[in-house]
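Let's walk through this one together, from the strands to the charged pairs. Have the sequence and the 3D view open as you read.

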Amino acid sequence: MNVYVVKSGSYDGNIGITIWENIRAFSNYDTADKWVESEKKRQEKTFNENFDFYVIDELTLVQE
């Protein structure tokens, strides 16, 4: 089973790292991608593509 984890954060140029602020998990990629796009639209006035990030990671869950 795959899980798609969306991390959102902002790059802080003063310290040179991305600060991850939010993590959400989804059962399929399309839902995760749609959530990212809706968040970008919701934050349209404050979202800065140079400093604000959304990353979707795929994790595979294995039952032993």
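Is Asp57 buried, partly exposed or exposed? Asp57 has a relative accessible area of 30%, so it falls in the partly exposed class. Keep in mind that this is a predicted model. We'll come back to Asp57 once the strands are in place.

Start at the beginning of the chain. Strand β1 covers residues 2-12 and strand β2 covers residues 17-26; the two run antiparallel, with nine bridges joining them. If you want one pair to click on, take Tyr11, whose bridge partner in β2 is Thr18. Together β1 and β2 make a hairpin, with four residues between the strands. Look in that turn for Gly16, which has a positive phi of about 75°.

Now for the charges. Side chains of opposite charge can pair when their charged atoms come close. Searching the whole structure turns up three salt bridges.

One of them brings us back to Asp57: its side chain meets that of Lys7 in a salt bridge, at 3.5 Å from N to O. This pair connects distant parts of the chain, since Lys7 sits in strand β1 and Asp57 in strand β3 (residues 52-60), 50 residues apart. How exposed is Lys7, in relative accessibility? The value is 23%, so Lys7 counts as partly exposed. Asp57, as we saw, is partly exposed too.

Next, move over to helix α1, which spans residues 29-42. Here Glu37 forms a salt bridge with Lys40, and their closest N and O atoms are 4.0 Å apart. The two residues are three apart in the helix, which means about one helical turn separates them. Glu37 is partly exposed at 37% relative accessibility, and Lys40 is also partly exposed, with a relative accessible area of 28%.

Stay in α1 for Arg42 and Glu39, whose side chains meet in a salt bridge at 2.8 Å, N to O. What separates these two along the helix? Again it's about one helical turn, because Arg42 and Glu39 are three residues apart in α1. The surroundings of the two partners are worth a look. Arg42 has 58% relative accessibility, so it counts as exposed. Glu39, on the other hand, has 11% relative accessibility and therefore counts as buried, the cut-off being under 20%.

To retrace the route in your viewer, go from the β1-β2 hairpin to the Lys7 and Asp57 pair, then finish in α1 with Glu37 and Lys40 and with Arg42 and Glu39.

Terms used. Residues are numbered from 1 along each chain as its sequence is written. This is a predicted model: local features need pLDDT of at least 70, side-chain atom pairs count only at pLDDT 80 or more; totals for chains, interfaces and linings use all residues. Side-chain values use heavy atoms; hydrogens and water are left out. Two strands pair if DSSP finds at least two bridges between them. Buried means under 20% relative accessible area, exposed over 50%, partly exposed in between (1.4 Å probe, protein chains only).
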